[in-house]
Amino acid sequence: MLLHADTLSVARGPRTVLSDVSFTAKAGEALLVVGPNGAGKTTLIRTIAGFIAPAAGSITLKGDDGDRDITEQCHYVGHLTGVKANLSAAENLAFWATYLDGGDGSAIRDRVDEALLHFGLSALADYPAGLMSAGQKRRLGLARLSVATRPVWLLDEPTVSLDAASTELLSGLIRRHLAGGGLVIAATHLPLGLEDPAYLRLGRTAGHAAPEAKP
Amino acid sequence: MSGFLSLLKRDLTLAVREGAALGTALGFYLVVVAMLPLGLGPDLKLLSRIAPGILWIALLLAALLSLPRLLEADHEDGSLEVMATAPLPLELAVAAKALAHWISTGIPLALAAPVLGLMLNLDIALAPALIATMLAGTPAISFLGSIGAALTLKARRGGLLIALLVLPLYIPTLIFGISALGFAGLGQDGFAASFLILSAISVASVAAAPIAAAAALRLQMS
């Protein structure tokens with residue numbers, strides 16, 4: 001599987017945030033989007049997810065099941081967690097598992113239990129998410145990644161408010177996804193503990209940013 | 001379909017657990033209806049004549065009160081963006097949410113109407129017709145309201161803006177709801193015709209409003 005962006009330009013209001021951005025992300029390889037604040041990392045992730053229409057250029061996903069567009073084949077993890085305060089951790093995940101993937105009750109329960117276990121939230125399964133700490137909510141939001149199967153993961157600053165141990169859990173999950181032939185594009189300031197990820201550098205002058213080796 | 005049902009179930013669960021929305025709507029309904037006789041004086045004939053109109057208008061305002069939360073909560077915690085990546089089209093997601101709003105707000109308000117009607121000296125024999133017209137008319141309120149909720153998603157203090165946007169859309173529902181009750185009250189033929197038009201307005205809203213609301217949501221998300 002190959003996600004290819006070709007001379008992508010994105011405007012937000014009167015300002016062109018991204019201009020002529022081209023990159024290729026390969027299955028099994030993480031692409032980390034780095035750059036200073038305001039460089040357009042979030043805009044890029046949201047454009048790939050299909051929330052923002054690019055002003056010019058195109059994004060194509062090759063080697064997928066052709067019927068569905070990228071939006072339906074991606075997990076989008078943004079700045080907000082997508083967690084409902086008045087539902088318990090297990091209810092939150094069970095909803096997303098059903099909503100994003102479908103399946104019967106017992107299969108969903110197994111997937112939810114496994115995801116809660118992986119993120120160390122088993123003890124909080126029946127605890128209202130509204131009473132959790134910011135980091136626990138974040139973990140619950142990330143647990144969504146493992147209850148529904150999607151080939152493309154789009155992560156926008158996934159490590160915000162996570163402690164070191166939780167960051168390690170996340171990178172474990174990402175490594176497993178990559179090993180299974182998945183594709184990860186993450187906007188981050190941390191290397192996420194991945195081996196040899198590709199980098200996409202965005203700058204204010206975001207001219208001809210292309211994947212280049214880690215300095 | 002499992003996505004539609006799971007979203008409906010989640011929204012109803014949240015409506016029960018949060019509770020405040022229904023309590024506020026019912027309380028508002030009660031207060032408005034209770035205050036009007038105080039303003040108009042104890043003329044029972046006048047009150048019973050204008051009771052259907054008062055009950056309908058107060059119901060519209062009470063339902064309007066809970067509309068801003070229809071999509072706002074999911075926008076604030078990021079759920080809407082995740083929903084946009086689901087196999088279920090956004091149109092059906094909005095429909096599920098509007099349906100949940102109707103079940104959790106529209107139906108209780110419709111059922112409370114005859115009780116409040118007693119305060120306005122409304123003929124108790126009209127209660128079945130009152131409940132029937134309100135149950136037939138309130139889906140239009142929830143579904144048309146979803147358009148307003150989607151359009152004002154990012155507006156600060158969008159509540160008043162929603163009222164300006166959607167109250168005009170409620171006029172047909174109001175006209176035929178009240179005319180159906182008028183015919184029922186006078187014992188004349190014509191109830192069926194008004195009732196059917198009222199139902200047709202609701203059916204058309206259920207079919208068309210989610211498309212408009214989803215388009216507005218996509219615009220808000222970009």
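Here is a quick tour of the two chains, how they touch, and a few local details worth a look. Keep in mind that this is a predicted model. Chain A mixes six helices with nine strands, whereas chain B has 10 helices and zero strands. The contact between them draws on 21 residues from chain A and 20 residues from chain B.

**Chain A overall**
- Chain A has 215 residues and a radius of gyration of 17 Å, which agrees with the value near 17 Å for a compact globule of that length.
- Along the principal axes, the C-alpha atoms of chain A fill a box of roughly 50 × 35 × 35 Å.
- Buried residues account for 43% of the 215 in chain A.
- If you look at contacts in chain A between residues at least 6 apart in sequence, 70% of them join residues at least 24 apart.

**Chain B overall**
- Reading from the N terminus, the elements of chain B go α-α-α-α-α-α-α-α-α-α.
- The radius of gyration of chain B is 18 Å, and that agrees with the value near 17 Å for a compact globule of 222 residues.
- The box filled by the C-alpha atoms of chain B is roughly 55 × 35 × 30 Å, again taken along the principal axes.
- Of the 222 residues in chain B, 47% are buried.
- For contacts in chain B between residues at least 6 apart in sequence, the share joining residues at least 24 apart is 81%.

**Where the chains meet**
- As noted, chain A puts 21 residues into the contact and chain B puts in 20.
- On the chain A side, helix H2 (70-73), strand E5 (74-77) and helix H3 (89-100) each supply at least two residues.
- H3(A) gives the largest share of that side, with five residues.
- Sorted by class, the side of chain A that touches chain B has 12 nonpolar, seven polar and two charged residues.

**Helix packing in chain A**
- Helix H5 (residues 134-147) and helix H6 (residues 164-179) of chain A pack at an angle of about 10°, and their axes are 11 Å apart.
- Angles under 35 degrees count as roughly parallel, so H5(A) is roughly parallel to H6(A).
- H5(A) makes this contact with A:Gly135, A:Arg139, A:Leu142, A:Leu145 and A:Ser146, while H6(A) uses A:Ser166, A:Leu170 and A:Leu173.
- That contact breaks down into four nonpolar, three polar and one charged residues.

**Helix packing in chain B**
- The axes of helix H7 (residues 127-151) and helix H10 (residues 191-221) of chain B come within 7 Å and cross at roughly 20°.
- H7(B) and H10(B) are therefore roughly parallel to each other, and H7(B) passes H10(B) in a left-handed crossing.
- The residues of the contact of H7(B) with H10(B) comprise 20 nonpolar, seven polar and no charged.

**Backbone oddities in chain A**
- Some background first: most residues other than glycine have a negative phi.
- A:Thr7 is not a glycine, yet has a positive phi of about 35°.
- A:Thr7 lies in strand E1 (residues 2-12) of chain A, and is partly exposed, with 13 other C-beta atoms within 10 Å.
- A:Ser161 also has a positive phi, near 60°, and is a residue other than glycine.
- You'll find A:Ser161 in the loop between strand E6 (152-156) and H6 of chain A.
- A:Ser161 counts as partly exposed, with 14 C-beta neighbours inside 10 Å.

Note on methods. Residues are numbered from 1 along each chain as its sequence is written. Chains are lettered from A and ligands numbered from 1 in the order in which they are written. This is a predicted model: local features need pLDDT of at least 70, side-chain atom pairs count only at pLDDT 80 or more; totals for chains, interfaces and linings use all residues. Axes are lines fitted to C-alpha atoms, for helices over the stretch in contact, and angles run from 0 to 180 degrees between N-to-C directions. Helices (H or I, at least four residues) and strands (E, at least two) are DSSP runs, numbered from the N terminus. Angles under 35 degrees count as roughly parallel, over 145 as roughly antiparallel, 65 to 115 as roughly perpendicular and the rest as oblique. A crossing is left-handed if the near helix is turned anticlockwise from the far one by less than a right angle, and right-handed if clockwise. Ala, Val, Leu, Ile, Met, Phe, Trp, Tyr, Cys and Pro count as nonpolar, Asp, Glu, Lys and Arg as charged, and the others, Gly among them, as polar. Two residues are in contact if their C-beta atoms, placed from the backbone, lie within 7 Å. The radius of gyration is taken over C-alpha atoms; the globule rule is 2.2 Å times the number of residues to the power 0.38. A residue is buried if 20 or more other C-beta atoms lie within 10 Å of its own, exposed if 12 or fewer, and partly exposed in between; C-beta atoms are placed from the backbone.
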